[in-house]
Amino acid sequence: MIDPSLTLESPQALPARRRSGLCRRLWRGLRKAPWSARFGLLVILLFGLAALFAPWLAPYGESQIVGSEFEPWGASFLLGTDNLGRDMLTRLLYGGRNTLGIVLLATCLAFLLGGVAGLLAAVRGGWTDQLLSRLVDVLMAIPQLIFALLLLTFFGTSIPMLIAIIAVLDSTRVFRLTRAVASGVVALDFVEAARLRGEGTAWIMFREVLPNILPPLVAEFGLRFCFTFLFISALSFLGLGIQPPTADWGSMVRDNATLITYGDITPLLPAAAIALLTIGVNFVVDWFLHLTSGLRDEH
Amino acid sequence: MSIEREEQGGAPLLRIRGLRIEAQGDEGWQAIVRGIDLDLRRGEVLGLIGESGAGKSTLGLAAMGYERPGCRIAAGSVEFDGQDLARLPEARKRHLWGSRIAYVAQSAAASFNPAQRLLDQYVEGPRLHRVASAGQARQDAVQMYRRMRLPQPESIGLRYPHQVSGGQLQRAMTAMAMACRPDLIVFDEPTTALDVTTQLEVLATIRELVRQFGTAAIYITHDLAVVAQMADRILVLRHGQAVEEAPTRRMLAAPQQEYTRTLWSVRSLRHEPRAPSDETPVVSLAGIDAGYGPLKVLQGIDLQVPRGSTVAVVGESGSGKSTLARVLTGLLPASQGELRFQGERLPLDYRQRNREMLRHIQMVYQMPDTALNPRQRVRDILGRALAFYLGLRGKAQERRLYELMEQIELAPQQYLDRLPGELSGGQKQRICIARALAAEPRLIICDEVTSALDQVVAKGILQLLERLQREMGLAYLFITHDLATVRSVADQVVVMHQGRIVEQGPRDEVFAPPHHEYTARLLASVPEMDPDWLDRQLAGRQCQG
């Protein structure tokens with residue numbers, strides 16, 4: 001028989017070793033990360049910091065009119081001013097803060113909603129699946145942008161409403177993906193074993209199935225994050241997104257679009273910021289996918 | 001079409017010298033085949049045997065000059081008809097493959113293109129290598145199908161792969177391999193995925209073809225009885241090295257190496273059947289009917305599993321064995337009949353059973369790969385069962401975990417924190433058994449638990465189950481198609497055919513004549529370790545026919 005004193009010491013020691021193992025593995029992965037992933041991480045980090053510290057970094061107030069319209073780049077206005085004479089750099093920083101926050105919230109909400117519903121449909125099957133799937137089919141039958149415009153005009157264009165509408169519309173896509181990948185996992189023997197053990201639906205959803213479908217979901221998160229970004233920018237561009245005077249990248253492009261005809265690239269800066277972040281996020285997601293599939297190959 | 005090449009006596013067709021193959025692992029390149037020498041003459045069949053991971057398939061593919069992705073031929077030569085395949089450029093090798101060297105894979109179902117007809121896939125090779133025109137190849141295919149004794153040889157080629165049975169598909173693939181009349185064929189476990197009764201037919205046709213055309217063949221398998229029928233010579237591999245090589249008869253009669261003897265002894269595992277006791281059986285099924293929708297899979301099943309004993313359910317695939325397990329666990333509620341657990345009535349649907357009922361009937365699956373959640377560590381897999389059924393947490397759970405690991409003969413410190421992917425097939429199956437044990441059940445349903453494992457590992461699992469039964473008085477319902485396994489574990493045998501029980505009783509009674517007609521056929525299909533067995537079986541069939 002085993003010596004109990006020997007066996008009972010190890011449980012305390014083991015979790016710690018496991019955690020450090022994970023940290024080490026992450027660090028090792030980071031060191032081995034390709035330049036694209038490092039670049040992506042750097043971009044996200046910079047954007048994150050800029051959004052977080054926008055009030056301290058910005059030279060002026062968010063909607064403060066500080067000069068005349070369309071002033072060129074210079075010492076007092078680093079990136080010039082916009083169509084109302086507000087500082088472009090300040091607007092850019094605040095715009096990042098607003099847009100990033102809304103996008104992040106909306107995407108997370110969409111994943112929470114779509115992910116849970118998708119898992120539920122896959123694990124429960126039968127009527128639950130039918131009901132949820134048909135509901136999603138109905139929602140998806142209407143073009144997303146038009147549907148969003150409709151709902152926004154109907155419910156008003158407050159920021160919480162914007163987040164909720166985008167989350168619901170996006171969650172249909174997440175639902176479809178989650179349900180599809182989860183159905184593959186649900187058919188495996190270990191899920192059957194859990195069912196036979198008498199486990200509840202929640203346990204099977206989050207403990208047995210979710211960890212196994214995480215990589216495709218994370219990839220989708222990266223994509224959805226970018227789509228939501230573009231979607232909000234599109235809504236703002238159409239005037240139904242984030243309302244003035246709140247700064248956001250999409251409406252900034254629209255407001256200053258006239259400058260393009262004069263060969264000034266300033267209105268393209270917010271667009272470039274959107275593009276840069278999108279690329280950065282996707283680099284990191286690609287790397288993560290590679291990492292998880294690589295870890296699987298090790299076995 | 002005469003593509004048969006003339007006999008060249010003397011020089012071997014395939015000459016492998018000092019072959020070393022390395023695979024890319026975590027710590028750089030690691031040798032998986034270390035220094036193999038091998039000669040193969042025309043018309044000769046060489047059997048390659050060994051446990052899984054011994055390097056059989058890698059060597060078989062290397063004999064064709066093929067390096068698996070992530071592998072490389074690090075040293076040595078593979079001379080095929082005077083050309084060194086290890087150094088031949090890819091394009092030249094590709095010309096040899098299919099035309100002069102052919103390969104038959106384990107799973108024909110996975111190797112055929114599901115979207116093309118069999119005949120079209122047959123014709124592809126000869127046309128590509130300009131051995132024959134499409135028309136000629138088509139005629140040849142029909143002849144070949146006839147030789148392979150496929151039903152309706154004229155029209156079977158017009159079917160798609162999913163429209164023929166597994167055994168037929170494997171034969172169609174062997175026929176396809178012969179399409180260009182190659183000099184060398186590598187067979188990689190071509191019958192492992194088949195039923196015993198089907199296996200016999202495929203073995204017979206493969207051997208006949210190889211003999212008729214004087215083709216040299218490398219036959220890879222982990223089944224000794226199969227290799228005894230097929231090979232002129234046997235090479236035993238272990239850890240990428242040759243353990244022993246000898247003509248088949250000599251190898252079977254007098255293996256020289258200790259390792260070879262252990263391989264041989266696997267089949268000699270015997271179990272002394274216990275007399276059935278008069279106590280209430282652990283589970284009993286009475287008049288069970290079950291099916292999927294209108295399709296009836298089980299009809300009128302009456303079965304009892306006495307306490308502490310093993311009941312083996314045998315039959316070919318499609319006989320309803322696994323459905324029986326699903327009915328018993330309640331995953332597929334029976335449409336009619338009665339289930340009793342220790343005399344008490346058991347709900348037919350698992351969702352209506354309480355936790356105690358669920359706890360007492362545990363299941364071990366065929367594929368340990370899919371039966372364990374790849375994202376959970378051994379500790380979590382076993383710990384959950386302990387917490388869920390017995391409420392064990394913290395130190396008490398830890399102590400029980402250690403005991404369980406000792407019971408399944410795996411060192412706790414070493415294995416508790418591993419993910420299933422970091423375990424071998426046999427170890428994974430042991431964890432599955434531990435998960436069942438953690439519930440402290442009365443009955444464990446073993447659904448083909450050894451069929452995904454090679455024989456040495458399978459023997460270990462069977463011995464473990466036997467020991468656990470002795471120590472804990474467990475009852476097993478042992479579902480299998482392998483009669484050798486039945487001999488080594490069962491107290492009672494139930495023979496199933498097309499959803500009905502055709503015969504049941506104590507093992508020795510079922511296995512001794514007089515047999516039910518189907519039992520007789522099943523028993524006759526199991527290869528024995530006698531090189532003449534296949535000939536005898538075929539002769540017997542011809543007499544009957």
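## Briefing: cores, cavities and selected residues

B:E409 is partly exposed, with a relative accessible area of 46%. The model that holds this residue is predicted. Chain A comes to 11 helices and 0 strands. The structure holds 6 cavities of 30 Å³ or more. The points below cover chain A, the nonpolar cores, the cavities, a pocket and a few single residues.

**Chain A overall**

- Along the sequence, chain A runs α-α-α-α-α-α-α-α-α-α-α.
- Chain A has 299 residues, and 43% of them count as buried.
- Take the contacts in chain A with a separation of 6 or more: 71% of them join residues 24 or more positions apart.
- The accessible surface of chain A is about 15200 Å². Carbon and sulfur atoms hold 70% of that surface.

**Nonpolar cores**

- The largest nonpolar core has 92 residues. Those that touch the most other members are B:M405, B:I408, B:I431, B:I433, B:L443, B:I445 and B:L477.
- Beyond its neighbours within four places in sequence, B:I445 is in contact with B:A325, B:L328, B:T329, B:I361, B:Q362, B:M363, B:V364, B:L477 and B:I479.
- A second core, separate from this one, has 52 residues. Among them are B:Y122, B:F187, B:V202 and B:Y219.

**Largest cavity**

- The largest cavity has a volume of about 120 Å³.
- Chain A lines it with A:A193, A:L196 and A:R197. From chain B come B:L358, B:I361, B:Q362, B:M363, B:Y365, B:Y389, B:C432, B:R435 and B:A436.
- Three elements give two or more residues each to the lining of the largest cavity: α8 (189-197) of chain A, and β16 (361-364) and α17 (425-438) of chain B.
- The lining of the largest cavity has 9 nonpolar, 1 polar and 2 charged residues.

**Second largest cavity**

- The second largest cavity holds about 60 Å³ of space.
- Its lining also draws on both chains: A:F190, A:A193, A:A194, A:R197 and A:E208, with B:N373, B:Q376, B:I381, B:R384 and B:R435.
- Here α8 of chain A and α14 (378-390) of chain B give two or more residues each.
- Helix α8(A) gives the most to the lining of the second largest cavity, with 4 residues.
- By class, the lining of the second largest cavity divides into 4 nonpolar, 2 polar and 4 charged residues.

**Second largest pocket**

- The second largest pocket has a volume of about 700 Å³.
- It is lined by 25 residues, and the closest to its centre are B:W97, B:G98, B:A102, B:Y103 and B:M176.
- In chain B, β6 (101-104), α4 (118-128) and α6 (166-177) each supply at least two residues of the lining of the second largest pocket.
- Helix α4(B) gives the most to that lining, with 6 residues.
- The lining of the second largest pocket counts 16 nonpolar, 7 polar and 2 charged residues.

**Two buried residues**

- B:L118 sits in helix α4 of chain B. At a relative accessible area of 2%, B:L118 is buried, because buried means under 20%.
- B:L118 and B:L158 are 40 residues apart in sequence. Their C-alpha atoms are 6.3 Å apart in space.
- Leaving aside neighbours within four places in sequence, the contacts of B:L118 are B:F112, B:Y145, B:I156, B:G157, B:R159, B:P161, B:V164, B:L169 and B:A172.
- A:T266 is in the loop between α10 (249-255) and α11 (268-298) of chain A. A:T266 is buried, with a relative accessible area of 3%.
- Not counting residues up to four places away in sequence, A:T266 touches A:W73, A:L79, A:M88 and A:L259.
- A:T266 and A:I165 are 101 residues apart in sequence and 31 Å apart in space, C-alpha to C-alpha.

**Positive phi values**

- Most residues other than glycine have a negative phi.
- B:Q342 is a residue other than glycine with a positive phi, near 50 degrees. B:Q342 lies in the loop between β14 (336-341) and β15 (344-345) of chain B.
- B:Q342 counts as partly exposed, at 23% relative accessibility.
- B:E409 is not a glycine, yet its phi is positive, at about 60 degrees. B:E409 is in the loop between α15 (394-407) and α16 (412-415) of chain B.

Terms used
Residues are numbered from 1 along each chain as its sequence is written. Chains are lettered from A and ligands numbered from 1 in the order in which they are written. This is a predicted model: local features need pLDDT of at least 70, side-chain atom pairs count only at pLDDT 80 or more; totals for chains, interfaces and linings use all residues. Side-chain values use heavy atoms; hydrogens and water are left out. On a 1 Å grid over the protein atoms alone, a cavity is a set of points where a 1.4 Å probe fits but cannot get out, and a pocket is an open set with protein on both sides within 12 Å along at least five of seven lines; lining residues have an atom within 4 Å of a point. Grid points are joined across faces, edges and corners, and a volume is the space filled by probe spheres set on the points. Ala, Val, Leu, Ile, Met, Phe, Trp, Tyr, Cys and Pro count as nonpolar, Asp, Glu, Lys and Arg as charged, and the others, Gly among them, as polar. Buried means under 20% relative accessible area, exposed over 50%, partly exposed in between (1.4 Å probe, protein chains only). Contact means heavy atoms within 4.5 Å. Accessible areas come from the Shrake-Rupley method with a 1.4 Å probe; for residues, only the protein chains shown count as cover. A nonpolar core is a set of buried Ala, Val, Leu, Ile, Met, Phe, Trp, Tyr and Cys residues joined through side-chain atoms within 4.5 Å.
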